[in-house]
Amino acid sequence: MKKAPFATELWEKMEVQSGNSPSVDAVKGQDENVEMSFLRPPVVRLGAGAALNRALFTKKVNLAAAAIQNPKVISHYRKALQTSQEILKVDRISPIASHPDKELGAQGRKCILLNPSVKAEEPKTWGPVIQEGIQKEDLTVIPYELTLEYDYWTARDTMESVLPPELHDEIPSGFNVAGHVAHLNLRDSYLPYKQVVAEIILDKNPSIKTVINKVDNVGAESEFRTFQYEVLAGKDDLNVSCTENNCSFTFDYAKVYWNSKLEYEHTRIISFFKPGEVVCDVMAGIGPFALPAGKKRVFVWANDKNPESYKCLKANIQKNKVQDFVRPFCEDGLDFIRQATDEVLAASSKGEKVVITKPAPRSKSKKAENSATPGFVPEPLKPRTTETYPIPPTISHFVMNLPASAIEFVGSFKGIYQWQENLFAPNTETPLPLVHVHCFALKADDERPLIDICERLTKYLGFTMKPGNEDYNLNGEGEVAIHNVRDVAPAKSMYCATFRLPAAVAFAARD
């Protein structure tokens, strides 16, 4: 077995990954009494461990079609048949097709497919539009055999065809994606069909080249949030590239943590940061918070204890050209909180800064043409503009995205600004840092998870914390805004607890 990062529950619906909604739902404007079973694939119940036979999904459907004599009237009859609801209206099937007669089709003759209520052999089923077209000798009604092959059916269509009915309620249609890799977390009941499920996902998602499945629990086996996985389909290649928040990330998915389902959370947290501030990203991974923040001209002390994550973080900092603002580290998070605080203060005291020089704006005048004009005087060159970002003495945000244990790290905040009260309000306009701690807790709609999270924060901070305003107006010391990030299991959710570091903690004596 190999190792790969944590992927959460598979069962969130991601229709964008598996194609359109089931074809049977795509019929619009058809007679409700008309049999539309042809929109379902053939039932292909494969036994456990059986190989996927794509040929078994071919289905031939007998329809009627209006064979058009003159190509110039196709548009007219298409619109008329749409209005009369006699045209075939099914997602991903064009109603305009070549004439089924090979010779006529080769001549460019077309026909319009009709809905199943219209029968070629039963004139009584032909509506006024069809009858008028026949009278004018613009069209004839002919039999048409429509062939639907494996490629037509969506991933869900195909899986419903293959899997036993008792497994249809939670069809694997959502998964983590990292570059070309689809990461499944299959439940035990689906494991006998894992190869077929993986092949279908590979077939129905052109961007996916590799499908893997997690085979153990995250965190218990590795402090770096890696775990055992197996390759189910495609090439055994987990060196991936992906983009998020206008940043490019390249990494070995087998050796670092990456979760595509956290993109919204990354964006949400980054929105708190302002240019010129300092952020301490304690468990930075490969930089989903740090790199986009650097592009916002936010200083980031980015740390991860995993040497492979640190290696990728350094490479991606250079790749995204944020090296002036993002500094990588490979330390234990418990020590790094105080280390970063001291280093930021020292860097500010030394006057460290970033100066960005912007090129002068180009003149809109056509210099080449004007220079030949008698008496021409060229415009003076506009000076280059510069922006200066001095490193401030204090950290504005701490990000702690290690939900299994990040709360246990908050004790390291005790005394981080010992003897530095003069740096903060009311002596300056600078507030104490905001801390964003990710954690797991009970999935519930009441206050139980909020109370539980605050009790754990209280335990490790040594200061009483309580649920606060959800609008992040954290004026009261000890208030915590708790955001529900996502569900990760039937009874478990991931949360982000945001609080302003209490003065009694920040200015305490260090242990």
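**Close-up views of salt bridges, cores and cysteines**

The structure, a predicted model, holds 18 salt bridges.

**View 1. Arginine 297 and glutamate 387 form a salt bridge.** The closest N and O atoms of the two residues are 2.5 Å apart. Arginine 297 sits in the loop between α8 (290–295) and β13 (299–303), and glutamate 387 in strand β16 (residues 385–390), so the pair ties together parts that are 90 residues apart in sequence. Arginine 297 is partly exposed, at 25% relative accessible area, and glutamate 387 is also partly exposed, at 24%.

**View 2. Arginine 510 meets aspartate 342 in a salt bridge.** The N to O distance is 2.9 Å. Because arginine 510 lies in the segment after α13 (503–506) and aspartate 342 in helix α10 (residues 333–349), the pair ties together parts 168 residues apart in sequence. Arginine 510 is partly exposed at 29% relative accessibility; aspartate 342 is partly exposed at 38%.

**View 3. Arg54, Glu199 and Asp203 are linked in a network of salt bridges.**

**View 4. Phe251 belongs to the largest nonpolar core, of 89 residues.** Phe251, Met400 and Phe413 have the most contacts inside this core. Leaving aside residues up to four places away in sequence, phenylalanine 251 touches nine-membered surroundings that include Ala178, Leu238, Trp258, Ile286 and Cys312. Apart from the largest core lies another, of 45 residues, including Leu146, Val177, Tyr190 and Leu202.

**View 5. Cysteine 496 is buried, at 0% relative accessibility.** The closest cysteine sulfur, in cysteine 439, is 7.8 Å from the sulfur of cysteine 496, too far for a bond. Zero disulfides are found in a search of the whole structure.

Note on methods:
Residues numbered from 1 in each chain as written. Predicted model: local features only at pLDDT ≥ 70, side-chain atom pairs only at ≥ 80, totals over all residues. Heavy atoms only, no water. Core = buried A, V, L, I, M, F, W, Y, C linked by side-chain atoms within 4.5 Å. Buried < 20%, exposed > 50% of the residue type's maximum accessible area, 1.4 Å probe, protein only. Contact = heavy atoms within 4.5 Å. Disulfide = S-S within 2.5 Å. Salt bridge = Lys/Arg side-chain N within 4 Å of Asp/Glu carboxyl O. Helix = DSSP H or I, 4+ residues; strand = E, 2+ residues; numbered from the N terminus.
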